[in-house]
Amino acid sequence: MKLFEEYLLKAKDVYHKALELLERGDFFDAAEKGWCAVELARKALLISVGIPAEKVENLEFSMPIFERILKAAKRRNLLKEYYRFNSCLHVMGFYRMLTSREEIEKTLKEVKSWITEIEKLISQLSDVNLSKVVDIMNHALKIKRKALRASVEYHETLNKISEIILQAVLKHSS
């Protein structure tokens with residue numbers, strides 16, 4: 001069994017555990033298990049196209065690739081659903097405990113079809129190898145970090161200007 005197949009199998013297993021939790025009335029934990037199933041399917045897709053397993057665990061690294069794969073495959077709907085699952089199940093469901101039981105039930109049903117659609121996409125992309133994007137993404141993250149450092153330096157410099165102006169105005173008005 002290939003690694004991406006193991007991830008898909010685990011996604012389906014975790015999904016069924018989410019349904020069991022829901023049946024027992026533990027709908028917030030069911031929401032988190034549902035989100036976990038979504039994440040495992042996302043990782044399966046990435047691994048299936050040659051992204052190393054250790055890289056798919058890092059959202060900063062893997063989300064830009066995942067997003068671009070779905071857009072290139074003209075499956076933006078799967079991306080929109082991914083973000084909705086994140087909000088409904090993970091953030092608002094599990095962490096904030098604000099999603100209603102009914103909404104979690106409805107959303108979990110949609111997770112099943114989303115996983116099926118990801119599985120179909122994996123089959124469609126079976127000849128695609130994106131391992132060459134790993135080095136490019138590593139480089140992109142280095143650029144991002146440089147940009148963030150430059151942004152911090154820029155704002156620190158603006159703060160110095162603000163301090164000089166404030167001192168000058170206060171001195172003048174005394």
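User: Where does Lys 74 lie, and what makes Lys 74 count as exposed?

Analyst: Lys 74 sits in the loop between H4 and H5. Helices here are DSSP runs (H or I, at least four residues), numbered from the N terminus. The relative accessibility of Lys 74 is 71%. Buried means under 20%, exposed over 50%, and partly exposed in between (1.4 Å probe, protein chains only). So Lys 74 is exposed.

User: What kind of model is this, and how are residues numbered?

Analyst: This is a predicted model: local features need pLDDT of at least 70, side-chain atom pairs count only at pLDDT 80 or more, and totals for chains, interfaces and linings use all residues. Residues are numbered from 1 along each chain as its sequence is written, and side-chain values use heavy atoms, leaving out hydrogens and water.

User: What is notable about phi of Lys 74?

Analyst: Phi is near 55°. That is a positive value in a residue other than glycine. Most residues other than glycine have a negative phi.

User: How do you know that Glu 60 and Arg 145 form a salt bridge?

Analyst: Their side chains meet at 3.2 Å, N to O. A salt bridge needs a side-chain nitrogen of Lys or Arg within 4 Å of a carboxyl oxygen of Asp or Glu, so the pair qualifies. Glu 60 is in helix H4 (residues 59–72) and Arg 145 is in helix H7. They are 85 residues apart, so the pair links distant parts of the chain.

User: What makes these two residues partly exposed?

Analyst: Glu 60 has a relative accessible area of 30%. Arg 145 has 36%. Both values fall between the buried and exposed limits, so both residues are partly exposed.

User: Are Arg 75 and Glu 117 buried or partly exposed, and what joins them?

Analyst: Arg 75 has 15% relative accessible area, so Arg 75 is buried. Glu 117 has 24%, so Glu 117 is partly exposed. Their side chains meet in a salt bridge at 3.1 Å, N to O. This pair also links distant parts of the chain, 42 residues apart. Arg 75 is in the loop between H4 and helix H5 (76–95), and Glu 117 is in helix H6 (residues 101–124).

User: What is the distance in the salt bridge between Glu 110 and Lys 106, and how far apart are the two along helix H6?

Analyst: The distance is 3.8 Å, N to O. That is within the cut-off, so the bridge counts. Within helix H6 they are four residues apart, about one turn. Salt bridges that share partners join Glu 81, Arg 84, Glu 103, Lys 106 and Glu 110 into one network. The structure holds 13 salt bridges.

User: How many aromatic pairs are there, and why is Phe 27 with Phe 28 called tilted?

Analyst: There are six aromatic pairs. Phe 27 and Phe 28 lie 4.5 Å apart, centre to centre, with 40° between the planes. Rings of Phe, Tyr and Trp (its six-membered ring) pair if their centres lie within 6.5 Å; planes under 30 degrees apart are stacked, over 60 edge-to-face, the rest tilted. Therefore this pair is tilted.

User: Why is Tyr 82 with Tyr 83 called edge-to-face?

Analyst: The centres are 5.6 Å apart, and the planes meet at 75°. That angle is over 60 degrees, so the pair is edge-to-face. Tyr 82 is buried at 3%, whereas Tyr 83 is partly exposed at 39%. Both belong to one aromatic cluster with Trp 35, Phe 66, Phe 85 and Trp 114.

User: How do you know that Lys 55 lies over the face of Phe 61?

Analyst: Lys 55 is 4.8 Å from the ring centre. The rule asks for NZ of Lys or CZ of Arg within 6 Å of the centre and within 35 degrees of the ring normal. Lys 55 counts as lying over the face. Arg 42 lies over the face of Phe 66 too, at 6.0 Å.

User: Which residues touch the most other members of the largest nonpolar core?

Analyst: They are Leu 45, Phe 66, Trp 114 and Ile 115, out of 46 residues. Helix H1 (3–23), helix H2 (27–48), H4, H5, H6 and H7 each supply at least two residues. H2 gives the largest share, 11 residues. Such a core is a set of buried Ala, Val, Leu, Ile, Met, Phe, Trp, Tyr and Cys residues joined through side-chain atoms within 4.5 Å.
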